[in-house]
Amino acid sequence: MEFYDKLYIGYRVSERVEKIKEKLLKNEFMPFIHIITLPIDMGQGMLEIYPAYILRQESYQSSELKIVGIAADRGEAYMLVQQMAEECMKATGTVDLKNYLKF
């Protein structure tokens, strides 16, 4: 699991993002937190949104997740994705998020 240098953070988790990151790395249960990642299969889609608790499954523990955003819930995650798309469009003229969010 790897975190984007310029991690997008929802306003409702901004004060506890370091604690959330620690819990994600320790594989602790967090029922409401959602994460935004680059696709596990880079040929599919632009971004993926997961509830944090799903990362406790073995199949996700062995994958090289690249986390680009952390949100308090799914709705806030959608707002972060919208923010990413708008910033990408402004900077590049496209919504090629995979290339815009370089690790």
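## Contacts of I67

Setting aside neighbours up to four places away in sequence, I67 is in contact with M1, E2, F3, Y4, L7, L24, I35, I36, T37 and F103. The model is predicted.

## Nonpolar cores

I67 also appears among the best-connected members of the largest nonpolar core: of its 17 residues, I20, L24, I33, I35, I67 and I70 touch the most other members. At least two residues of this core come from each of β1, α1 (17–25) and β4 (66–71). The largest contribution is that of α1, with 3 residues.

A second core, separate from this one, has 14 residues, including L38, A71, L80 and L101.

## T37 in strand β2

T37, one of the contacts of I67, belongs to strand β2, which covers residues 34–37. Its relative accessibility is 0%, so T37 counts as buried, the limit for that class being under 20%.

Leaving out residues within four places in sequence, T37 touches L47, E48, Y50, L65, K66, I67 and V68.

## I9 in strand β1

I9 is located in strand β1, residues 2–9. With a relative accessibility of 34%, I9 counts as partly exposed, because this value falls between the limits of 20% for buried and 50% for exposed.

Beyond its neighbours up to four places away in sequence, I9 touches S14, V17, I70 and L80. Of these, I70 is listed among the members of the largest core that touch the most others, while L80 is part of the second core. I9 and I40 are separated by 31 residues in sequence, and their C-alpha atoms are 20 Å apart in space.

Key. Residues numbered from 1 in each chain as written. Predicted model: local features only at pLDDT ≥ 70, side-chain atom pairs only at ≥ 80, totals over all residues. Heavy atoms only, no water. Helix = DSSP H or I, 4+ residues; strand = E, 2+ residues; numbered from the N terminus. Buried < 20%, exposed > 50% of the residue type's maximum accessible area, 1.4 Å probe, protein only. Contact = heavy atoms within 4.5 Å. Core = buried A, V, L, I, M, F, W, Y, C linked by side-chain atoms within 4.5 Å.
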